[in-house]
Amino acid sequence: MKPNKEVFIKQMPKVELHAHINGSFSNETLEKLSQLKHGTSAKDTEKYNLFTKLDLHDGFEKFKYAHELTDTPEAVALGTECVIRDFNDDNVVYLELRSTPRATPKMTKEQYVMAVIDTIIKMKTELPSIMVKLIVSINRRESIESAEENGALALKYAKLYPDIVCGVDLSGDPACKEFSDFEPILNKARENGLKLALHCGEIENQVEISSMLKFGMNRLGHGTYIKGDNEETLLKNNDIALECCLTSNLLCGVVKTYSDHHFRRFYKNGHPVVICTDDFGVFSTTLSTELHIASDTFSLSSDDLIKLSRMAIHCSFASHDEKQLIHGKIDAYAKSAVGFKVKIH
Ligand code: 6MZ
């Protein structure tokens with residue numbers, strides 16, 4: 001086999017830190033979920049896939065389609081399993097999934113969380129080469145009461161499953177509510193040992209960006225509108241890693257071209273950055289594709305890509321021993337790739 005960039009990236013052990021479960025359904029997964037719910041093929045998958053640029057708000061409408069299909073614990077379990085299988089097929093060896101506990105007429109939030117956790121446990125034996133964790137999401141669109149419930153579920157299940165539940169995410173339409181509304185919930189999670197991976201700076205709101213950066217977090221999702229020197233200093237001083245989702249940002253219209261993406265600036269400044277998919281089903285991408293785009297756009301060599309993978313492990317919420325294990329896989333791959341004399345630029 002002639003080694004080339006595609007093969008190199010596809011085979012590289014990869015680390016995914018920003019993936020929403022209900023945004024990560026392939027068309028095959030939608031088919032399976034539709035069969036489960038309706039006994040028929042999925043209709044109107046274009047309601048879910050984003051083929052053209054939209055604004056961020058329209059982008060959020062896309063998730064309704066997946067949510068309609070995942071309204072029972074069985075469907076949540078099936079969806080989660082398919083997502084883990086798809087990441088495994090892309091040679092992702094460490095995966096932090098995030099998802100918003102959702103109550104429907106057929107399911108409680110607690111059943112939702114258990115369906116995801118049970119599936120993660122089941123997949124440990126079926127797919128032993130991928131390690132999967134869960135970050136519990138809070139959706140900004142929902143009530144504070146709902147956010148409190150999600151925070152409490154995160155704490156409860158982190159105690160019961162400390163190897164799986166590792167953090168809390170704040171996501172959803174960034175135009176909804178004030179960050180300060182969520183601070184007490186996030187503080188409580190942090191004080192009880194959970195990590196924070198919060199969406200921040202997806203829209204232009206300098207007051208909120210500043211207060212979020214001062215509040216601090218372990219990782220920040222998107223950060224498109226983090227622009228001023230003060231903000232970059234806060235990011236640096238508070239040691240906040242940046243999750244960059246190239247295609248998501250392009251298709252949601254918050255960056256004009258890949259080349260304009262803020263990954264370039266932060267990477268150049270040596271800031272911890274991680275390439276992520278966000279919602280690979282909605283944005284029709286894979287982690288390998290995103291790394292390929294990053295490599296092409298920002299002239300990253302094979303060494304740079306390996307370094308990015310190592311950086312992703314560093315920024316992950318895995319334990320020390322788990323990080324060592326994943327590092328071992330990347331080291332072994334890097335050695336074999338040297339043997340291949342893979343030069344991708
Ligand atoms: C903000 C996003 C998002 O939780 O039902 N979500 N929130 N920005 C984004 N960038 C485009 N992509 C996804 O997965 C879907 C939910 O994740 C959040 C939204 O709240 C969406 O409803 P779960 O598994």
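Asparagine 91 is found in the loop between helix H5 (73-89) and E2. The model shown here is predicted. Look at the backbone of asparagine 91 in it. Its phi is positive, about 60°, although asparagine 91 is not a glycine. How accessible is asparagine 91? Its relative accessibility is 30%. Buried means under 20% and exposed means over 50%, with partly exposed in between. So asparagine 91, at 30%, counts as partly exposed.

A second loop residue deserves a look. Lysine 177 lies between strand E4 (165-171) and helix H8 (179-191). Lysine 177 is not a glycine, yet it has a positive phi of about 60°. Its relative accessible area is 32%, so lysine 177 is partly exposed.

Now go back to helix H5. Isoleucine 84 lies in this helix. Is isoleucine 84 buried or exposed? Its relative accessibility is 0%, so isoleucine 84 counts as buried. Next, pick out glutamate 183. Along the chain, isoleucine 84 and glutamate 183 are 99 residues apart. In space, their C-alpha atoms are separated by 31 Å.

Move on to strand E3 (residues 131-139), where isoleucine 135 is found. The relative accessible area of isoleucine 135 is 0%. That value is under the 20% limit, so isoleucine 135 is buried. Which distance separates the C-alpha atoms of isoleucine 135 and histidine 18? The answer is 9.4 Å, for two residues that stand 117 residues apart along the chain.

Helix H2 (residues 27-38) comes next, and leucine 36 lies in it. Leucine 36 has a relative accessible area of 44%, so it is partly exposed. Compare its position with that of lysine 106. The two residues are 70 residues apart along the chain. Their C-alpha atoms are separated by 14 Å.

Now turn to the start of the chain. Asparagine 4 lies in the segment before helix H1 (5-11). Its relative accessibility is 36%, so asparagine 4 counts as partly exposed. Asparagine 4 also has a link to the helix that follows. A polar atom of its side chain lies 3.2 Å from the backbone nitrogen of glutamate 6. Far along the sequence sits aspartate 304, 300 residues from asparagine 4. The C-alpha atoms of asparagine 4 and aspartate 304 are separated by 15 Å.

Take one step into helix H1 and you meet lysine 5. Why does lysine 5 count as buried? Its relative accessibility is 13%, and buried means under 20%. The side chain of lysine 5 has a polar partner too. Which side chain does it contact? That partner is the side chain of serine 295, and the polar contact spans 3.3 Å.

Finish with the ligand. Where does the ligand sit? It sits in the largest pocket. Around the ligand there are 19 residues. His67, Ser99, Thr100, Glu202 and Asp279 come nearest. The shell divides into four nonpolar, eleven polar and four charged residues. Two elements to find are helix H4 (63-69) and strand E2 (92-99). Each of them supplies at least two residues of the shell.

Zoom in on three contacts. Serine 99 has a polar side-chain atom 2.6 Å from an oxygen atom of the ligand. Threonine 100 has an N or O atom in its side chain that is 2.6 Å from an oxygen atom of the ligand. Aspartate 279 reaches a nitrogen atom of the ligand instead, with a polar side-chain atom 2.7 Å away. How much of the ligand does the protein bury? Taken alone, the ligand exposes 510 Å². The protein buries 97% of that area.

Note on methods. Residues numbered from 1 in each chain as written. Predicted model: local features only at pLDDT ≥ 70, side-chain atom pairs only at ≥ 80, totals over all residues. Heavy atoms only, no water. Near = heavy atom within 4 Å. Polar contact = N/O pair within 3.5 Å; in protein donor to acceptor, adjacent residues only side chain to side chain. Areas by Shrake-Rupley, 256 points an atom, 1.4 Å probe, with all protein chains shown as cover. 1 Å grid on protein atoms, 1.4 Å probe; cavity = no way out; pocket = protein on both sides within 12 Å on 5 of 7 lines; lining within 4 Å. Sits in = over half its atoms within 2 Å of the grid points. Helix = DSSP H or I, 4+ residues; strand = E, 2+ residues; numbered from the N terminus. Nonpolar A, V, L, I, M, F, W, Y, C, P; charged D, E, K, R; others polar. Buried < 20%, exposed > 50% of the residue type's maximum accessible area, 1.4 Å probe, protein only.
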